[in-house]
Amino acid sequence: MIDISKLLIIGGDSAIAQEINFGIKISRKELDVTNINQIEQAFSKYNPSAVLCLASIDLGTSEKNPSLAFQINVVGLYNVAIQTKKRSIPLIIISSGAIFNGPITKIFSEKDIPQPLNIYGQTKYLAELILSQITANHLIIRTGWIFGLTHKKNGFTRFIDNLLNSKDTTKISATQDTVGSPTHILDFIKYLKDAIINNRKGIIHIVNSGIASANDVAKETINILKSKRPIESTISQLVPGQPLRSKSEALISNSIKMRSWQDVLKDHIKSKESHK
């Protein structure tokens, strides 16, 4: 069992880290993962039971600045992994469905081989490979399209918030030709915490069950709200400079069964409505 109160969370100002209510968080300003001395000092200061490394450059920024993405997502992770190995403590990282590539009908399990299309996916998969070679005392957690964030409302959280906050007459445009695994942040953190405490090893996918396109989520949201808002089904447009995305980033787990994205979306909307 891992003492969760002594878990060191690197990248404590990241979107996921800000939703976590346990562990010791240190921000990017406090600890630069490319600086080995700072990592050693932090480990000496906090004497962690385990390390959750959330220092990462996101998908859009990675495409614009591949060198920075490599430095943080790969070299930074390598530096942290070397220090956790020296101390014989577990290292946990969060990866993504963006490391996969396949048709819209494909759902990826922990056993599938990644084939990333974009810089972000390539750096995250490389980090996975490096970590698995440095130490067996690791846990790689991949997740899906996270929503329900309360601090940094980006990505899929912003998409769903826009669905809930716009007027009934506003037309919704949502893509139907790409799919993923909509996953609520509270469910994700619950299973993340459990995996860390129980010192799970290897690779685990933590996603709400079922797959969906943005269009599917929009339709389900309108149905739950009993709204008559019009929905326009669209096709993804590749804009110059934007990262290539797989038609499917949908994940399934061989070891964890979570509730459906439809159920958690319904609870999320009820919670939002009750706080208005």
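## Strand β4 and its neighbours

Strand β3, residues 50–53, pairs with β4 in the parallel sense, over 3 bridges. This is a predicted model. One contact shows how the two strands line up: leucine 52 has isoleucine 92 of β4 as its bridge partner.

β4 also pairs with strand β5, residues 138–143. These two strands run parallel and are joined by 6 bridges. Here leucine 91 has histidine 138 of β5 as its bridge partner. Between the two strands, the chain leaves β4, passes through α4 and reaches β5. This β-α-β crossover is right-handed.

## A covered strand

How many of the residues of β4 are buried? The count is 6 of 6, so to speak of β4 as mostly covered is fair by the 20% relative accessible area limit for buried residues.

In a regular strand, side chains alternate between the two faces of the sheet. In β4, both faces are covered. Leu91, Ile93 and Ser95 are buried on one side. Ile92, Ile94 and Ser96 are buried on the other.

## The largest cavity

A search of the whole structure turns up 2 cavities of 30 Å³ or more. The largest has a volume of about 100 Å³. Which elements give two or more residues to its lining? They are α3 (66–87), β4 (91–96) and α4 (119–134). The biggest share comes from α3, with 3 residues.

The lining of the largest cavity includes Ile93 and Ile94. Both of these residues are also buried, on opposite sides of β4. Cys53, Leu54, Ala55 and Ser56 line the largest cavity too. So do Ile72, Asn73, Leu77, Lys124 and Ala127. By class, this lining has 8 nonpolar residues, 2 polar and 1 charged.

## The second largest cavity

The second largest cavity has a volume of about 30 Å³. Its lining includes Ile92, the bridge partner of leucine 52. Pro90 and Leu139 also line this cavity. The other lining residues are Ile2, Ala195, Ile196, Asn199 and Arg200.

How does this lining divide by class, and what are the numbers? It has 6 nonpolar residues, 1 polar and 1 charged.

## Putting it together

β4 links these parts of the structure. It pairs with β3 and with β5. Its residues Ile93 and Ile94 help line the largest cavity, while Ile92 helps line the second largest.

Note on methods
Residues are numbered from 1 along each chain as its sequence is written. This is a predicted model: local features need pLDDT of at least 70, side-chain atom pairs count only at pLDDT 80 or more; totals for chains, interfaces and linings use all residues. Side-chain values use heavy atoms; hydrogens and water are left out. On a 1 Å grid over the protein atoms alone, a cavity is a set of points where a 1.4 Å probe fits but cannot get out, and a pocket is an open set with protein on both sides within 12 Å along at least five of seven lines; lining residues have an atom within 4 Å of a point. Grid points are joined across faces, edges and corners, and a volume is the space filled by probe spheres set on the points. Helices (H or I, at least four residues) and strands (E, at least two) are DSSP runs, numbered from the N terminus. Ala, Val, Leu, Ile, Met, Phe, Trp, Tyr, Cys and Pro count as nonpolar, Asp, Glu, Lys and Arg as charged, and the others, Gly among them, as polar. Buried means under 20% relative accessible area, exposed over 50%, partly exposed in between (1.4 Å probe, protein chains only). Two strands pair if DSSP finds at least two bridges between them. A crossover is right-handed if, with the strands pointing away from the viewer, the path from the first strand over the helix to the second runs clockwise.
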